[in-house]
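Open the model in your viewer and get ready to select. This tour goes stop by stop.

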Amino acid sequence: MKKSFNIEAEKSALLLRFSGEINLHDISRYEKKLSAFDSSAFTHLSIDLSDVPYLDTAAAIFLYNIKHSFSHATITQICENDNILATLHLVEENMRSYRPHQDENRISFSERVGKIFYEYYSGFIAFIEFFGRLFTSNLRLFTSWRYIRFKEIAFEINESAIKALGIVALTSFLIGLVIAYQSAYQLKLYGANIYIVDMLGISIFRELAPVITAIVIAGRSGSAFTAQIGSMKITQELDAMRTMGFEPFAFLVLPRIIALMITMPILIFVADIMAIFGGMIVANVDLSISPELFIDRLSRVVAAKHFFVGIFKGPFFAFLIATIGIYRGFAVKDDTQSIGFNTTKSVVEAIFAVIVCDALFSIAFTNLGI
Amino acid sequence: MAMIKVRDVVTAFGNRIIHDKLNLTVKKGEIYGLLGPSGCGKTTLLREMVMLQPFQSGSIEVLGKKVESLREREAQWLRRHWGVLFQFGALFSSLTIAENIALPLQEYAQLSPAMIEEIVAFKLSIVGLKQSDASLYPSEISGGMKKKAGLARALAMDPTLLFLDEPTSGLDPISAREFDALILKLRDMLGLTVVMVTHDLSSIYDTLDRVAIIDEKKIVYEGSLDDIASVQSEFVQTFFKERL
């Protein structure tokens, strides 16, 4: 049957004649057609549904609304189909208590600013609380060896360090290559070719290798920690652990932090080797400094303290990356979007924290004359 | 008229055969139950019907269309004509209840926001949720409410076919009976055809018109519950012991 909707207006009476099936795809069209008529101008409304074989609940709501807006008029309805009458009845029964939704009052600017700052404040407090719990559960470790979970630590060392060796090595190799290549051109201008060794040695050992490694690990392991712990929270695994008496701090948090603190210096050491290797290649090709000469000068001009300063930073960076990643994991709420949000946050915050920490070290070491 | 025809369906995970040539037919307007012991592949069959899982051979015809060889456009047509309620509701956790129900309406129909809001309110009302629940997120409501909200979402487009995966599991007995009554009421009023996987004996006897019992990779029985006593199957004999 062809779908149609005719409106006939006669003085104060309005006749709506539907034919064909009415479903939710037709409603907006019919609504528009009907909106040309002013309901208050009519005292009588008749709705003819005798040619309608089926209507869905959305259409029934549409008819209910029409009747509602004509509540001042007398309404007659022509319909013999029991199914349609039942649907109309069902809608009437359920819509009686419906009240249109009132828009909530708009939030003022100052309220919004206040809310944002309060959120930051409570986030900061939560982080401090997390730190406190971290240190108290750390203390328990000293009371007995039993609390140290060697198996989990070994697993995390494999996950977040051994498997990261390749990417850390490749990144630092390229960084060494690029730095050497850029400075080789400048040094050649002054004929100061040999000083590339001093330059590369100090910059890579002290700053570049630790920071680059930390950034790679923050992107790789920090985000993984957040996503793992966050999804464990959503699936209630954390709750299950707590009720069984497995403290998540001992099982999940400390192994990750300890593992990363152990492995970060090793990763930095690998990064040192690879970056220097990259620089050595460029020095050989571009500045014709043989590897023997390079190594010889490196051991004479670059003091060992530069190397140890870089390695020393490792555990601190590792601690920051792991705690921020895990804290963000615990901050995940019960919806899936919050995992993505917190993972992004964890990486950004971890990298930021690493750079701030590096700056503080820089000032401290300079003042100490190291 | 047959709404669903399953013919010689074989499903295997690796070497493990789950279904060995299943045949069943769901007629228009009936409430059809898929029963069987745990792990017999009831939910798998349901997933195959709604195109979430491929099967090795055979054919499944839903609303006259063979799901194993459908073009994307026909598949979309089919998806708009059925509603699926998952075991745990599977509500989108980043949307409120109202937004969950409104989503298919916004995507597939040109409706004004006011109209969508009214349809949402109506669907909430028929499944027995309050209007004040509409603005809550799935994480803020109970398991039973999640089921009801999931049902409201499945009904959003007024489907002709409704798939329910264990609709009453995890509900308290009173809510479960209310849910059964609701399904019966909706079938009568909206002319729905319902296919459900269930373990709930009361709900089996209260709502189902016909059942298929899957056991030992085969359909051991298809038909009404009246003749079930004659079935020679260990599952049937133990499961229906109290009622036989």
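Two strands count as paired when DSSP finds at least two bridges between them. Keep that in mind for the strands below. One more thing before we start: this is a predicted model.

**Stop 1: all of chain B.** Select chain B. It holds eight helices and ten strands. Its C-alpha trace spans about 55 × 45 × 35 Å along the principal axes. A compact globule of 244 residues would have a radius of gyration near 18 Å, and chain B agrees, because its own value is 18 Å. Now turn on the surface. The accessible surface of chain B is about 10700 Å². Carbon and sulfur atoms account for 50% of that surface. Of the 244 residues in chain B, 54% are buried. Next, think about contacts in chain B between residues at least 6 apart in sequence. Of these, 63% join residues at least 24 apart.

**Stop 2: strand S7.** Select residues 161-165 of chain B, which form strand S7. Is S7(B) mostly covered or uncovered? Mostly covered: five of its five residues are buried. Show the side chains and look at each face. On one side are Leu161(B), Phe163(B) and Asp165(B), all buried. On the other side, Leu162(B) and Leu164(B) are buried too.

**Stop 3: the partners of S7.** Add residues 82-85 of chain B, strand S6. S6(B) and S7(B) pair in the parallel sense, over four bridges. Find Val84(B): it stands opposite Phe163(B) in S7(B). Now add residues 193-197 of chain B, strand S8. How many bridges join S7(B) to S8(B)? Five, and these two strands also run parallel. Click Leu164(B), then its bridge partner in S8(B), Met196(B).

**Stop 4: the crossover.** Trace the chain from S7(B) to S8(B). The path goes through helix H6, residues 173-190 of chain B. This makes a β-α-β crossover, and its hand is right-handed.

**Stop 5: the cysteines.** A disulfide is a covalent bond between the sulfur atoms of two cysteines. How many disulfides are there over all chains? With sulfur atoms required to lie within 2.5 Å, the count is zero. Select Cys79(A). Its relative accessible area is 13%, so Cys79(A) is buried, as the cut-off is under 20%. Move to Cys40(B). Cys40(B) also counts as buried, because its relative accessibility is 9%.

Notes: Residues numbered from 1 in each chain as written. Chains lettered and ligands numbered in written order. Predicted model: local features only at pLDDT ≥ 70, side-chain atom pairs only at ≥ 80, totals over all residues. Heavy atoms only, no water. Buried < 20%, exposed > 50% of the residue type's maximum accessible area, 1.4 Å probe, protein only. Right-handed = clockwise from strand over helix to strand, strands pointing away. Rg over C-alpha atoms; globule rule 2.2 N^0.38 Å. Contact = heavy atoms within 4.5 Å. Areas by Shrake-Rupley, 256 points an atom, 1.4 Å probe, with all protein chains shown as cover.
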